[in-house]
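Here are my notes on the model you sent. Please read them with the structure open.

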Amino acid sequence: RDRILTGDWAMARLDEVSDASTGARFTRSYVEDARCGVPYITASDMLLADLKGLLLLSRKKTPQLADLQIREGWTLISCSGTIGRTAFVRAEMDRLAGSHDIIRVIPRQERIAPGYLFAFLTSRAGQSLIHQRTYGSVVQHIEPHHIADIPVPLPSPAEQQRIHNLVAGAAAARTEASRLLDEAGAYFEGLVGEM
């Protein structure tokens, strides 16, 4: 924190370059038919490379579904149990429903590049600042207002964009890898039938 605050770069509080919130707590009703449900991602699921097999929230019985959805380019932070795990929302995760155990950090793109913000929050410095804010003696927790004043160093827009491009490229490659694995799986299922 001191090195960020006294460094030679510009700096802003996290709540000045992003909006952070958790999803509301709600009664979950699951369905088996993908046409009637939306994949539901938890703090554990958000780190998965393969998102097949997620539980499906009922569209009909989840009136607050729009408020639960996550969007591409956001950073997700686990906020209960194992604190601070981060995920960059890639294309295949766009509009999935997110658990209340995930802080959604929504970058203000006129102030900060989304991939740069994710990279900072995932860095050793970012993780240390997040972990300093946890509370709870048995099960650790953190809330959006606890991390609001985390200082975020702001390099030049060009440097932020360079880092963003690396993160976005990695996210796109992971999405493409999932698509190719699905395609390969479909080929073999076509040969022998679904197992």
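**Notes on pockets and a buried acid**

1. The largest share of the lining of the second largest pocket comes from α7, which gives four residues. Bear in mind throughout that the model is predicted.

2. What is the volume of this second largest pocket? The value is about 190 Å³. Its lining is made up of M46, L47, T86, A87, F88, R90, F118, V167, A170, A171 and R174. Two elements, β7 (86-88) and α7 (157-192), each give two or more residues to that lining.

3. How do the residues of the lining of the second largest pocket divide by class? Eight are nonpolar, one is polar and two are charged. In reading such a list, note that Ala, Met and Phe count as nonpolar and Arg as charged.

4. Turn next to the largest pocket, which holds about 290 Å³ of space. The residues that line this pocket are R1, R3, I4, W9, F120, R124, A125, S128, L129, Q132 and P153. Here the elements giving two or more residues are α1 (2-6) and α5 (124-131).

5. Which element gives the most to the lining of the largest pocket? That is α5, with four residues. Sorted by class, the lining of the largest pocket has six nonpolar, two polar and three charged residues.

6. D45 deserves a separate look. This residue sits in the loop between β4 (37-41) and β5 (56-58). D45 is buried, yet it has no salt bridge. Where is the nearest side chain of opposite charge? It belongs to R85 and is 9.0 Å away. A salt bridge needs a side-chain nitrogen of Lys or Arg within 4 Å of a carboxyl oxygen of Asp or Glu, so R85, at 9.0 Å, does not make one with D45.

7. What does the side chain of D45 contact? It makes a polar contact with the side chain of T42, at 3.0 Å. When describing D45, then, mention both the missing salt bridge and the polar contact with T42.

8. Some overall figures belong in the description as well. The protein has seven helices and 10 strands. Its C-alpha trace spans about 60 × 35 × 30 Å along the principal axes. Of the 195 residues in the protein, 41% are buried, and D45 is one of the buried residues.

How values were computed:
Residues are numbered from 1 along each chain as its sequence is written. This is a predicted model: local features need pLDDT of at least 70, side-chain atom pairs count only at pLDDT 80 or more; totals for chains, interfaces and linings use all residues. Side-chain values use heavy atoms; hydrogens and water are left out. On a 1 Å grid over the protein atoms alone, a cavity is a set of points where a 1.4 Å probe fits but cannot get out, and a pocket is an open set with protein on both sides within 12 Å along at least five of seven lines; lining residues have an atom within 4 Å of a point. Grid points are joined across faces, edges and corners, and a volume is the space filled by probe spheres set on the points. Buried means under 20% relative accessible area, exposed over 50%, partly exposed in between (1.4 Å probe, protein chains only). Lys and Arg count as positive and Asp and Glu as negative; His and the chain ends are not counted. A polar contact is a pair of N or O atoms within 3.5 Å; within protein, one must be able to donate a hydrogen and the other to accept it, and residues adjacent in sequence count only if both atoms are side-chain atoms.
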